[in-house]
Amino acid sequence: MRGNMNLVEINHMKKQFGELEVLEDISLAVQKGEVVSIIGPSGSGKSTLLRCATLLEEMDGGDLSYAGEKVVWEENGKMVMAPLAEAKRISRTFGLVFQNFNLFPHYTVLKNVMDAPVCVDKVSKKEARERAMRLLCQLGLEDKAEAYPYQLSGGQQQRVSIARALALKPQVLFFDEPTSALDPELTGEVLKVIKELAKQHMTMIIVTHEMKFAKEVSDRIIFMEGGVIVEEGTPHQLFASENQRVQEFIGKLGN
C-alpha cells in the first residue's frame, strides 16, 4: 500500500440489467498511489463495475465516493446522485481509457488531447497545447501531433487515448481492457506506458486479461466471477491461491 487515503471507495455496489444481476455486492477501496488489477472470466461484471464507478452506468444499490466525497448513494431504497455541479466536480477526480480508443476521427492527435482541458476545464488553448505536447512527448508520440487517428497503429491510438485521459490531470485512471483490441506486438508498448505511470505512483484500476502484466504492475489483484469478488490479495497471494477457480483461471491464461 502506498498511500493512506482511500481515493476510491465502493460499498455494496449492485447492478442489474433486467432480470440479470451483473453486480451482486461489490465493495472495494483503493488508496492513493495504489495499482489494482481486476481479473476474471468474461461476463463476471468487471467492465460493468468500471462503468458504474465512472458514472457511465447508474448503480442499483450501494454507494460510491471519491477522495471522501460521496457522489452516488442509496437513500430510502432509492439511488441518489450528488447535485449536478458537485457530481461534475467530483468526476474530474478520474479518467477512463476505453478498449476501443474512442478518439475523435476528424481531430488531429494534438486536438484530441487538447479538447477536454479547453472545453471541460476552461484551460487556455496555449496551456492546453503545452500540456498536450508534454504528454505526447512523455508517451513517445511528439512526432504524431498533427496526424489523424486513422494514420496511427492501434498501439499509438491507445497511447493517444491515455494522453487524453491524463490531460485532465485526474487523480485516478481506470483502464477497461486497454490491450484487448491490439495485436500482441502492439500490446507491449501500451503496457510499458502503464508501467511507467505506476512508477510515478499514478492511482490506477485496470481491468485486464494480461496475467503477467497484472502480476508485475499491481499492488493488489481482484478476481471477480458472477458479479462478486471471489478473492483479492497481493499478486503473490493471488497467484499462490488455494481457490480452485482462481487457479484454473490463472492457469488457463498462463503464469
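A residue is taken as buried when its relative accessible area is under 20%. In this predicted model, Asn 112 has a relative accessible area of 1%, so it is buried. Asn 112 belongs to helix 3, and its surroundings make a convenient starting point.

Leaving out residues up to four places away in sequence, Asn 112 touches Leu 103, Phe 104, Tyr 107, Pro 149, Val 160 and Arg 164. One of these neighbours also offers a backbone partner: a polar atom of the Asn 112 side chain lies 2.8 Å from the backbone nitrogen of Phe 104. Farther along the chain, Ala 163 is 51 residues away from Asn 112, yet the C-alpha atoms of the two are separated by 9.1 Å.

Asn 112 has company in being buried. Helix 3 is largely enclosed by the rest of the structure, because eight of its eleven residues are buried. Besides Asn 112, these are Val 109, Leu 110, Val 113, Met 114, Asp 115, Ala 116 and Pro 117. The elements they pack against are helix 4 and helix 5, the latter spanning residues 154-166.

The pairing with helix 4 can be described further. Two packed helices are described by the angle between their axes and by the distance between those axes. For helix 3 (residues 109-119) and helix 4 (residues 125-138), the angle is about 130° and the axes are 9 Å apart. With that angle, helix 3 is oblique to helix 4. The crossing of helix 3 past helix 4 is right-handed. On the helix 3 side, the contact is made by Val 109, Leu 110, Val 113, Met 114, Pro 117 and Val 118. Helix 4 contributes Lys 125, Ala 128, Arg 129, Arg 131, Ala 132, Met 133, Leu 135 and Leu 136. Sorted by character, the residues of this contact comprise eleven nonpolar and three charged, with no polar ones.

A second buried site is found in a loop. Ser 218 sits between helix 7 (211-217) and strand 10 (220-225). Its relative accessibility is 8%, so Ser 218 also counts as buried. Apart from neighbours within four places in sequence, Ser 218 is in contact with Val 35, Ser 37 and Pro 235. With Ser 37 there is a polar contact of 2.7 Å between the two side chains. The Ser 218 side chain also has a polar atom 2.6 Å from the backbone oxygen of Ala 214.

Terms used. Residues are numbered from 1 along each chain as its sequence is written. This is a predicted model: local features need pLDDT of at least 70, side-chain atom pairs count only at pLDDT 80 or more; totals for chains, interfaces and linings use all residues. Side-chain values use heavy atoms; hydrogens and water are left out. Axes are lines fitted to C-alpha atoms, for helices over the stretch in contact, and angles run from 0 to 180 degrees between N-to-C directions. Helices (H or I, at least four residues) and strands (E, at least two) are DSSP runs, numbered from the N terminus. Angles under 35 degrees count as roughly parallel, over 145 as roughly antiparallel, 65 to 115 as roughly perpendicular and the rest as oblique. A crossing is left-handed if the near helix is turned anticlockwise from the far one by less than a right angle, and right-handed if clockwise. Contact means heavy atoms within 4.5 Å. Ala, Val, Leu, Ile, Met, Phe, Trp, Tyr, Cys and Pro count as nonpolar, Asp, Glu, Lys and Arg as charged, and the others, Gly among them, as polar. Buried means under 20% relative accessible area, exposed over 50%, partly exposed in between (1.4 Å probe, protein chains only). A polar contact is a pair of N or O atoms within 3.5 Å; within protein, one must be able to donate a hydrogen and the other to accept it, and residues adjacent in sequence count only if both atoms are side-chain atoms.
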